[in-house]
Amino acid sequence: MSLMQDFKAFAMKGNVVDLAVAVIIGGAFGKIVESLVNDIIMPIVGALVGKLDFSNLFLVLGKVPDGTEMTLAAVKKAGVPVLAYGSFITVAVNFLILAFIIFMMVRMISKLKHAEPPAPPAPTPEDTVLLREIRDALKK
């Protein structure tokens, strides 16, 4: 087989196509979770903790030029090294929510698989039954 034929056979396998679909859906789902965390959860947590804006929590690791606004975006734009731990907290919360949702989905799918009753065994084909009868008759 040529290289292209091998690749086509590989790419058309069910698992590869399923994986591609899962990656695309996962990317879109990740954006939903990111919006949930950034736009809903973190503002509520910030309000409960004392009106903190987690996206703007950082520690300056260098000298900030005079006249630079003390926001994460402005300090980064000025080229000052910063430790943006607020962004890390937001990403960590994103991960925890996404991991929990995936855990719940896997758990639900696992329960659905176990809930299905096992299929009854297929009836023995007629020719096999006849061959067994012939075998048993010859043994007598």
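**Figure 1. Surroundings of T90 in helix α4 of the predicted model.** In this predicted model, T90 touches V37, N38, M42 and F54, once its neighbours within four places in sequence are left aside. The residue belongs to helix α4, which spans residues 85-115. T90 has a relative accessible area of 10%. It is classed as buried because this value falls under 20%. To be in contact, two residues must have heavy atoms within 4.5 Å of each other.

**Figure 2. The largest pocket and the residues that line it.** The volume of the largest pocket is about 170 Å³. Its lining is formed by I25, G26, F29, L98, I102, M105, V106 and I109. Two elements, α2 (14-49) and α4 (85-115), each give two or more residues to this lining. Which element gives the most to the lining of the largest pocket? Helix α4 does, with five residues. Sorted by class, the lining has seven nonpolar residues, one polar residue and no charged residues. Glycine is counted among the polar residues, and G26 is one of the lining residues. Rolling a probe the size of a water molecule over the atoms shows where empty space is left.

**Figure 3. A84 in the loop before helix α4.** A84 is found in the loop that runs between strand β2 (82-83) and helix α4. Which residues does A84 contact, apart from its neighbours within four places in sequence? They are L57, F58 and L72. A further pair of positions may be compared in this view. A84 and D39 are 45 residues apart in sequence, and their C-alpha atoms are 19 Å apart in space.

**Figure 4. G67 in the loop between β1 and α3.** The loop that holds G67 connects strand β1 (59-60) with helix α3 (72-77). Is G67 buried or exposed? With a relative accessibility of 85%, G67 is exposed, because the cut-off for this class is over 50%. G67 and S35 are 32 residues apart along the chain, and a distance of 32 Å separates their C-alpha atoms.

**Figure 5. N15 in helix α2.** N15 is part of helix α2, the element that covers residues 14-49. Its relative accessible area is 66%, so N15 counts as exposed. From N15 to G27 there are 12 residues in sequence, and the distance in space is 18 Å, C-alpha to C-alpha.

**Figure 6. K139 in helix α5.** K139 lies in helix α5, which comprises residues 126-139. The relative accessible area of K139 is 65%, and the residue is therefore exposed. How far apart in space are the C-alpha atoms of K139 and L57? They are separated by 86 Å, while the two residues are 82 residues apart along the chain.

**Figure 7. The whole chain as a setting for the close-up views.** The secondary structure consists of five helices and two strands. Along the sequence these elements follow the pattern α-α-β-α-β-α-α. The C-alpha atoms fill a box of roughly 105 × 50 × 20 Å along the principal axes. The radius of gyration of the chain is 30 Å, whereas a compact globule of 140 residues would have one near 14 Å. Of the 140 residues in the chain, 13% are buried, and T90 is a buried residue. Contacts also link separate parts of the sequence: among those between residues at least 6 apart, 45% join residues at least 24 apart. The accessible surface of the chain is about 11400 Å², and carbon and sulfur atoms account for 70% of this surface.

Notes: Residues are numbered from 1 along each chain as its sequence is written. This is a predicted model: local features need pLDDT of at least 70, side-chain atom pairs count only at pLDDT 80 or more; totals for chains, interfaces and linings use all residues. Side-chain values use heavy atoms; hydrogens and water are left out. On a 1 Å grid over the protein atoms alone, a cavity is a set of points where a 1.4 Å probe fits but cannot get out, and a pocket is an open set with protein on both sides within 12 Å along at least five of seven lines; lining residues have an atom within 4 Å of a point. Grid points are joined across faces, edges and corners, and a volume is the space filled by probe spheres set on the points. Helices (H or I, at least four residues) and strands (E, at least two) are DSSP runs, numbered from the N terminus. The radius of gyration is taken over C-alpha atoms; the globule rule is 2.2 Å times the number of residues to the power 0.38. Buried means under 20% relative accessible area, exposed over 50%, partly exposed in between (1.4 Å probe, protein chains only). Accessible areas come from the Shrake-Rupley method with a 1.4 Å probe; for residues, only the protein chains shown count as cover.
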